[in-house]
Amino acid sequence: MYTFSEPRTVVSGLADYVPLEELEGRLVVVICNLKPVKMRGILSQAMLLAASITGSEGKRQVTPLCPPADCKPGDRVVIKGYEHEIAGAPDEQLNPKKKIFETLQTDLLTNEDGVAEYKGCPMVTSTGQITAPLKNAQIS
């Protein structure tokens, strides 16, 4: 579990897709070691992960990823089968010039059961799998 000295401000582009009431007070999955960026004049200190899919009518559906019900804030998310590649603590901040997340993002998807995966391996916490109601969707 990771603890932070104070809450983080997270700005997302979900306003057109997810009502604020659906986000308030719920657990979400965020990437906390990206370089903070200003969005809409506010410094965003993490990126909220969401599944998205475009329907046949061209309408885009977006929903935040769902941690397991008994997950706690600060629980670490790992890719099952890749734990050995992440020895110790994660990088304090990823180098934005290396575009690490952008490279990995193309292989982040939900499967036919709604389980969040990277290259077919599930995203998990110590209490279970990360999911989304959208099946076969891109994660960003």
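This is a short walk through the fold, one pocket and a few individual residues of the structure shown above.

Let me say at the outset that we are looking at a predicted model, so please hear every value that follows as computed from that model.

I will begin with the overall layout. The protein has 140 residues, and 31% of them are buried. Its secondary structure consists of two helices and 12 strands, and if we read from the N terminus, the order is one helix, then a run of strands, then the other helix, and then strands again, that is, α-β-β-β-β-β-β-β-α-β-β-β-β-β. As for how the chain meets itself, if we take the contacts with a separation of 6 or more, 66% of them join residues that are 24 or more positions apart.

Let me turn to the second largest pocket, which holds about 580 Å³ of space. Which residues lie nearest its centre? They are L34, M39, A46, M47 and F101, out of a lining of 28 residues. By class, that lining comprises 17 nonpolar residues, seven polar ones and four charged ones. Several elements contribute to it, with at least two lining residues coming from each of the strands β2 (37-39), β4 (47-48), β5 (50-54) and β6 (60-64), and likewise from the helix α2 (100-105).

Staying with strand β6, I would like to pick out T63, which is placed in that strand. Is T63 buried or exposed? Its relative accessible area is 14%, which is under the 20% cut-off, and T63 therefore counts as buried. Once its neighbours within four places in sequence are set aside, T63 is in contact with V18, A50, A51, A132, P133 and L134.

A word on the aromatic side chains. A search of the whole structure for aromatic pairs finds zero of them. There is, however, a charge over a ring to report, in that R60 lies over the face of Y17, at 5.2 Å from the ring centre.

Now to the loops, where I have three residues to show you. E112 is found in the loop between β8 (108-110) and β9 (116-118), and its relative accessible area is 56%, which is over the 50% cut-off, so E112 counts as exposed. Leaving aside neighbours within four places in sequence, E112 is in contact with K135 and N136. With K135, the C-alpha atoms are 5.1 Å apart, although the two residues are separated by 23 residues along the chain.

One of those contact partners, N136, sits in the loop between β11 (128-129) and β12 (138-139). N136 is not a glycine, and yet it has a positive phi of about 50 degrees. As a reminder of the background, most residues other than glycine have a negative phi.

K119 also has a positive phi, near 50 degrees, and it too is a residue other than glycine. K119 is placed in the loop between β9 and β10 (121-125). Why does K119 count as exposed? Because its relative accessibility is 51%, and the cut-off is over 50%. Outside its neighbours within four places in sequence, K119 is in contact with Y82 and D107, and in the case of D107, which is 12 residues away along the chain, the C-alpha atoms are separated by 5.4 Å.

To close, I would leave you with two sites to look at on the screen: the second largest pocket, with F101 among the residues nearest its centre, and the loop residue E112, with its contacts to K135 and N136.

Methods. Residues numbered from 1 in each chain as written. Predicted model: local features only at pLDDT ≥ 70, side-chain atom pairs only at ≥ 80, totals over all residues. Heavy atoms only, no water. 1 Å grid on protein atoms, 1.4 Å probe; cavity = no way out; pocket = protein on both sides within 12 Å on 5 of 7 lines; lining within 4 Å. Points joined across faces, edges and corners; volume = space filled by probe spheres on them. Helix = DSSP H or I, 4+ residues; strand = E, 2+ residues; numbered from the N terminus. Nonpolar A, V, L, I, M, F, W, Y, C, P; charged D, E, K, R; others polar. Phe/Tyr/Trp six-rings, centres within 6.5 Å; stacked < 30°, edge-to-face > 60°. Lys NZ or Arg CZ within 6 Å of the ring centre and 35° of its normal. Buried < 20%, exposed > 50% of the residue type's maximum accessible area, 1.4 Å probe, protein only. Contact = heavy atoms within 4.5 Å.
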